[in-house]
Amino acid sequence: MEKIYIIHENKEWTVHLTKRLEELQLPYEEWHLDEGTVPLNEVPPEGVFYNRMSASSHTRDHRFAPELTSAVLTWLEHHGRTVFNGSRALQLELSKVVQYSELEKHGVRTPTTIAAVGRKQIVEAAKKLGHESFITKHNRAGKGLGVQLFNSIESLEAYVNSPAFEEPVDGITLIQQYIKSPESYITRCEFVGGKFLYAVKVDTSEGFELCPADACQIGDLFCPVGEEVEEKPKFQIIEDFHDPIIEKYEAVLKSNNINVAGIEFIRNSDGEIYTYDINTNTNYNSDAEQKAGKYGMLELAKFLGKQLKVQV
């Protein structure tokens, strides 16, 4: 029997999807790719394949999960299998440099950014950037890894030459223009099937690490999304969000064969939009969804079920 195959390395981020698949009585199988083999001379099973590999897998001791996933996706695509968020999506997931190039190609403004390898080069890049305030972040990241705000070259230099310096897993640090939001929030736009689903307002007053997954709220001290004050929740779905940026985002996703994603942007004091992240392993915040009556994983499960029906 053909089924939906979910490719991932973190069960806690997938359980909400599998629950929805079970509710809809859709057959599925999970491929947990922290370790494994790829039988290149064999034919893969029939079905629909959905990739949820994360750029932050190395923080869960799954250092080579993306590389293994790349091999599996290549194998599946070679045999003509239906793969959602396939090889190209994985490339964007693992590199903000690739993300920014694709966004700019489609007329989407990104913050001024310099990629650097080496501590001395990071400092030199910040000097070249020429902004009074700037941030650093990891090129291959997820969960806001390596995001720090600096207000001087001296403070950056002290950081990169200290034991506290956080080496990126791919060696590439991004030095980026700091876009200050007058209201301390960012907007995350969710897409399923390449089409806009909803936008969520995310409070950034407590920091930059903004993973919306419920698992982060419970067990990840470096992903502080759970401290919620009733009158000001950290995540709020925006009713009837409309902006011309959505059409550009959909064009970016279509051009790169990305079916499921969360794209984040920030507005400066002049209301200008700067887009800084495409997350192809998107998660949803259950509290925000319950209040709005919109459910990302349910829509995703319906989408995958529809695609499986087409296959059969």
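Start with strand E13, residues 273–279: 7 of its 7 residues are buried, so the strand is largely enclosed by the rest of the structure. This, like everything below, comes from a predicted model. E13 has a partner in E12, and the two run antiparallel, joined by 6 bridges. One of the matched pairs is Arg267 with Ile273, the latter sitting in E13. Together E12 and E13 make a hairpin with 5 residues between them, and in the turn Gly271 shows a positive phi of about 80°.

Just past this hairpin comes Asn285, found in the loop between E13 and helix H9 (286–292). Is Asn285 buried or exposed? Its relative accessibility is 5%, and because buried means under 20%, Asn285 counts as buried. The side chain of Asn285 also has a partner to talk to: it reaches the backbone nitrogen of Ala288 at 3.0 Å.

Two other loop residues tell a different kind of story. Most residues other than glycine have a negative phi. Asp240, however, has a positive phi of about 55° and is not a glycine. Asp240 belongs to the loop that links strand E11 (235–238) to helix H8 (245–255). With 64% relative accessibility, Asp240 counts as exposed. On the other side of H8, in the loop leading to strand E12 (260–267), lies Asn257. Asn257 has a positive phi too, near 55°, and is likewise a residue other than glycine. At 57% relative accessibility, Asn257 also counts as exposed.

Next, a sheet. Four strands make up an open sheet in the order E5-E8-E6-E7, and their pairing is antiparallel. Which strands stand at the edges? They are E5 (113–116) and E7 (148–150); each has a single partner strand, so one side of each is left without a neighbour in the sheet. Ignoring direction, neighbouring strands here are turned by 25° against each other on average. Zooming in on one pair, E6 (residues 134–138) and E7 run antiparallel and share 3 bridges. Phe134, for instance, has Phe150 in E7 as its bridge partner.

Helices pack on this sheet as well. Helix H4 (residues 96–105) touches E5, E6 and E8 (173–177), and its direction makes about 40° with that of E8. Helix H6 (residues 153–160) touches E6 and E7, with its direction at about 135° to that of E7.

That leaves the inside. In soluble globular proteins, nonpolar side chains tend to be buried together. The largest nonpolar core in this model has 49 residues, and the members that touch the most others are Leu17, Cys189, Tyr249, Leu300 and Leu304. Which helix gives the most to this core? That is H10 (residues 296–311), with 6 residues. Domain 1 (3–93 + 305–311) and domain 3 (181–294) both supply residues, so the core lies between them. Cys189 gives a good view of the crowd: leaving aside residues up to four places away in sequence, Cys189 touches aromatic residues including Phe196, Tyr198, Phe241, Tyr249 and Phe265. Its contacts also include Ala199, Ile246, Ala261, Gly262 and Ile263. Apart from the largest core lies another one, of 16 residues, with Leu33, Val72, Trp75 and Leu90 among them.

Technical notes: Residues numbered from 1 in each chain as written. Predicted model: local features only at pLDDT ≥ 70, side-chain atom pairs only at ≥ 80, totals over all residues. Heavy atoms only, no water. Buried < 20%, exposed > 50% of the residue type's maximum accessible area, 1.4 Å probe, protein only. Pairing = 2+ DSSP bridges. Axes fitted to C-alpha atoms, helices over the stretch in contact; angles between N-to-C directions. Contact = heavy atoms within 4.5 Å. Polar contact = N/O pair within 3.5 Å; in protein donor to acceptor, adjacent residues only side chain to side chain. Core = buried A, V, L, I, M, F, W, Y, C linked by side-chain atoms within 4.5 Å. Domains from an automatic or database assignment.
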